[in-house]
Amino acid sequence: RQRIGIARALTLNPKLILADEPVSALDVSIQSQILNLLTDLRDELNLSYLFIAHDLAVIQHISNRIAVMYLGKIMEVSESTELYKKPLHPYTVALLSAVPIPDPKIERARKRIILTGDVPSPDRERHNCYFYDRCPQKMDKCKDRIPALVDLGNNHKVACFLHHDKVEE
């Protein structure tokens, strides 16, 4: 079914394909086939994807550039390798801490970040940092202001007051 959906999308000769959780319901072997197909098609047809997924291993495999969202707001944007090597937003750090590592020694030794509290209602208007209620590093200014998405260099952007002073210097 995924192959048929991809074929149907390609009949229009698009430059961009929106793929919302395209491999989430598939077993691992089929996921791999579909991801390889999407990669081959991207290269052969010069396609771009807006790939929406919760599986961070899939995101890392398919993406050149990643935007991390929380409650519909972009928290961090970076090149894929940079984001996985040096996550800056506390939410991104927590997400990446949950990704399993295939080496059992490393997996046992690392510390997973468990976020506390409930996810706030996404339909409520916010006047503070969207991640404030669950952030382990929240500060007073996070309580009444929404941090802007700022470029910290190397086209790595983050919406977090922890890093804004690096821009203002």
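This passage describes the strands, helices, surface and side-chain contacts of one predicted model.

Because the model is predicted, local features require a pLDDT of at least 70 and side-chain atom pairs count only at pLDDT 80 or more, while totals for chains, interfaces and linings use all residues. Residues are numbered from 1 along each chain as its sequence is written, and side-chain values use heavy atoms, with hydrogens and water left out.

A convenient place to begin is the pair β1 and β2. Helices (H or I, at least four residues) and strands (E, at least two) are taken as DSSP runs and numbered from the N terminus. β1 and β2 run parallel and are joined by five bridges; two strands are said to pair if DSSP finds at least two bridges between them. Within this pairing, leucine 16 stands opposite serine 48 in β2, and aspartate 20 has isoleucine 52 as its bridge partner in β2. Together with helix α2 (residues 28-45), the two strands make a right-handed β-α-β unit. Right-handed here means that, with the strands pointing away from the viewer, the path from the first strand over the helix to the second runs clockwise.

Both strands show two faces. Residues are called buried under 20% relative accessible area, exposed over 50%, and partly exposed in between (1.4 Å probe, protein chains only). In β1, Ile17 and Ala19 make up the covered face, whereas Leu16, Leu18 and Asp20 make up the uncovered one. The side chains of β2 alternate in their turn: Tyr49 and Phe51 point to one face and are buried, and Ser48, Leu50 and Ile52 point to the other and are not. On the surface, Leu16, Leu18, Leu50 and Ile52 form a nonpolar patch with about 380 Å² of accessible area together, and β1 (16-20) and β2 (48-52) are the elements that give two or more residues to this patch. Patches are made of residues with over 30% relative accessible area and no salt bridge, with like charges joined within 9 Å and nonpolar side chains (Val, Leu, Ile, Met, Phe, Trp, Tyr) within 5 Å. The areas come from the Shrake-Rupley method with a 1.4 Å probe, and for residues only the protein chains shown count as cover. One member of the patch, leucine 16, is exposed at a relative accessible area of 53%.

A further sheet is open and holds four strands in the order β3-β4-β6-β5, with antiparallel pairing. β3 (65-70) and β5 (150-151) stand at its edges, each with a single partner strand, so one side of each is left without a neighbour in the sheet. β5 is joined to β6 (residues 157-158) by two bridges, and valine 150 stands opposite valine 158 in β6. In the loop between β5 and β6 lies asparagine 155, which has a positive phi of about 55 degrees although it is not a glycine. Most residues other than glycine have a negative phi. Asparagine 13, in the loop between α1 (2-10) and β1, likewise has a positive phi, near 50 degrees; asparagine 13 is exposed at 66% relative accessibility.

Strand β4 (residues 73-79) contains serine 78, which is buried with a relative accessible area of 0%. The side chains of serine 78 and histidine 156 are joined by a polar contact of 3.4 Å. Such a contact is a pair of N or O atoms within 3.5 Å; within protein, one must be able to donate a hydrogen and the other to accept it, and residues adjacent in sequence count only if both atoms are side-chain atoms.

Three salt bridges are present, each defined by a side-chain nitrogen of Lys or Arg within 4 Å of a carboxyl oxygen of Asp or Glu. Glutamate 79 and arginine 65 form one of them, with the closest N and O atoms 3.1 Å apart. Glutamate 79 lies in β4 and arginine 65 in β3, so this pair ties together parts that are 14 residues apart in sequence. In another, arginine 126 meets aspartate 133 at 3.4 Å, N to O; arginine 126 is buried at 5% relative accessibility, whereas aspartate 133 is partly exposed at 35%. Aspartate 43 also forms a salt bridge with arginine 42, at 3.5 Å between the closest N and O atoms.

Among the helices, α5 (residues 90-97) is mostly covered, six of its eight residues being buried.
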